[in-house]
Amino acid sequence: MVDIDYKKTRKFEGWLDLEVFDRVSVLKLPTYVEVLDRALMVEAILATKKQVPALTTKCEGKRSGFIFKKGRSFSKRQNTGSSSSSSKNSGSIPNCPDCRRKHKGTCHHASGACFRCGKIGHMIGDCPLRFDNANHLAASSAESAPDDYTYEERPIQIVNRQIKRLKNKEIPLVKMDWQNHGGAYTAWETEEDMIKRYPDLFPLDLIFYQNEVSPNPSLSDPSSLSFRSLLNPLQLPTQNSPTSISKSPSVNPIHCGLRELRKRIDSVKNTQKITEAMKLVAAAKVRRAQEAVVNGRPFSETLVEVLYNINEQLQTDDIDVPLTNVRPVKKVALVVVTGDRGLCGGFNNAIIKKAESRMADLKNLGLDYTVISVGKKGNSYFLRRPYIPVDRFLERGNLPTAKEAQAIADDVFSLFISEEVDKVELLYTKFVSLVKADPVIHTLLPLSPKGEICDVNGNCVDATEDEFFRLTTREGKLTVERDVVHTQTIKFSSILQFEQDPVQILDALLPLYLNSQILRALQESLASELAARMSAMSNATDNAVELKKSLSIVYNRQRQAKITGEILEIVAGANALV
Amino acid sequence: MTLNLCVLTPNRIVWDFEVKEIILSTNSGQIGVLPNHAPIATAVDIGILRIRLNDQWLTMALMGGFARIGNNEITVLVNDAEKSSDIDPQEAQQTLEIAEANLKKAEGKRQIIEANLALRRARTRVEAINVIS
């Protein structure tokens, strides 16, 4: 039943004149009778309005100005005169019986037409005429009105001071009371910034302290100083010298807010991820280094075998091979093998320290020395110390190859053959285990014809014993096993002939041996570096985990404390209300 | 009887196959090795190694080392070995030119030794490509 009436109403609305429909439809009247009633009313109003259009536009001009002024509070002051005049006028006009307000002309209250132009379809707020008038108004009051209504926000005084201590610097901060915030808004700003922008708020000596270059002469005027201090009585206690400010024991306990804590936890988490990744990468590279060693095994085994046999046959002969020449030592070349990168614990430091101590020893013995540096870390170390004579800087790639060993061997070879140096020592890190690596010194040249290399302490490393390391997983953890392989030496057939002089053959073999020794050293050094990095990164990861844990505890505690505090506040507030 | 050749470098095994015949540059000149060769030990110069597989000749640049022949097994230990097919001709030529220039500039015993070595290596690489088989 209601539904049918509703439909009928809407249908009737549809048939109405457009102007009338606009007025009526918005009312959403529920019954047909009501709609009919209102429609008739609107029609009558429209008819009367059309008779007096001229009058309405005339008087609306004045009134609209008033309304506009009322809308904008900031322009009120400038237009008090006109508003008072309009209020004077309003006294002589009788109240409208329809809307009970004072106005001239037709009352548009019932019709809903624009109060300014009398047209239906918009309210006064959207009247196109209004903007014309507004422009007119602005033009008329141009002398008194500013161009724009923005103002410069500036501080009035310094409320407080504080010095923020960072790791390696201190930032003086000042709390400013800003002009237009009624004291409620204060914020910490850096002192430097504030001095630059508002020098008049600060004591003079502080300004000179900050920009000693060009002290403003006007600022040195004592009268202006007194004037300023008069202006800002509150800043008087802060007029002491800046040094005393920085010295003042504003020891703030490192108070971390929740936000900072969360940031720290995040950064620790990131660091942990990085160190963990580095650890895994190092582990993978150890495996690759191991592969390289394994690939080189056939060569070294055969070489050792051949060398051993030839030595056996040549033992009785008196041989003279350039590389085995033992000369009285005047100058020593030190080949220092370091890593290319840091973040591997004390790996690089240990080998460099070893080199330094060896250099000191040589100096004490009255021997000359020169350094061949291999690896970026060693290079940068020796470059910073120009008093250490360095023959050559070499870099090594990701994995030591024969080419790099060859480059070092060539250098060493030419140094030794040209008799520039009489002894070549190789300083590298011997790989002992995943957690242990020893920096050692091996004598490279002169090679002992027996194929033995003795280190400075006289420990001989037998050439037939070849050590290599193997990365294994034991109980889910990476470990490295180091095997000592005894190469079984197959006797050469006794009828083996030497195509050339035995000396020439040794001459060909010993550089090979030199190369393989250097390559071995490089590989061991790399393996030690990777192992050192693995353990360093694993330690770092552990530390990060620990730090994260303790930070999380602090964070949770603070969070809980905050929540508790809030609950207490709410309860206290509720109690106060009751 | 088959002849087996094994070329080893510190990095890897370059060659480990059966061959018909090889020509090796030793310190005392080139020698040809056929199956059932007498056991000898020889120093290998920086030079080219030619290998015959059936009717095909292959060349390899050897950077000096040592060879042991016996029991139809040839073991060549060298610092570096490159197959001619693996060498970039342009790059090899450039290296040779640089090495020649360096030798001219070299002063003192040590530099001359180094430059000579480099030149011989570079020359061998170029030869390995241009060998007429």
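Helices and strands here are DSSP runs, numbered from the N terminus. The model is predicted, so keep that in mind as you work through the exercises.

**Exercise 1.** Work out where Ala38(B) sits and whether Ala38(B) is buried or exposed.

*Solution.* Start with the chain: Ala38(B) belongs to the loop that links β4 (29–33) to β5 (40–53) of chain B. Next, count neighbours: 10 other C-beta atoms lie within 10 Å. A residue is called exposed at 12 or fewer, so Ala38(B) is exposed. Finally, look across the fold: Gly70(B) is 32 residues away along the chain, yet the two C-alpha atoms are separated by 6.3 Å.

**Exercise 2.** Describe how chain B meets chain A.

*Solution.* Begin with the contacts: 33 residues of chain A are in contact with 30 residues of chain B. On the chain B side, β5, β6 (56–70), β7 (73–78) and α2 (108–130) each give two or more residues. By type, that side has 13 nonpolar, 11 polar and 6 charged residues. Now turn to the strands: β13 (residues 497–498) of chain A pairs with β5(B) in the parallel sense, over 2 bridges. In β5(B), Ile40(B) stands opposite Gln497(A).

**Exercise 3.** Find which residues touch the most other members of the largest nonpolar core, and which helix gives the most to this core.

*Solution.* The core holds 94 residues, and Val335(A), Val412(A), Leu509(A), Leu62(B) and Phe66(B) touch the most other members. Helix α15 (residues 502–577) of chain A gives the most, with 20 residues. Now zoom in on Phe66(B): its contacts include Ile505(A), Ala508(A), Leu509(A) and Leu512(A), as well as Val44(B) and Leu77(B).

Terms used:
Residues numbered from 1 in each chain as written. Chains lettered and ligands numbered in written order. Predicted model: local features only at pLDDT ≥ 70, side-chain atom pairs only at ≥ 80, totals over all residues. Core = buried A, V, L, I, M, F, W, Y, C linked by C-beta atoms within 7 Å. Buried ≥ 20, exposed ≤ 12 C-beta atoms within 10 Å, placed from the backbone. Helix = DSSP H or I, 4+ residues; strand = E, 2+ residues; numbered from the N terminus. Contact = placed C-beta atoms within 7 Å. Nonpolar A, V, L, I, M, F, W, Y, C, P; charged D, E, K, R; others polar. Pairing = 2+ DSSP bridges. Lists of a residue's contacts leave out its neighbours within four places in sequence.
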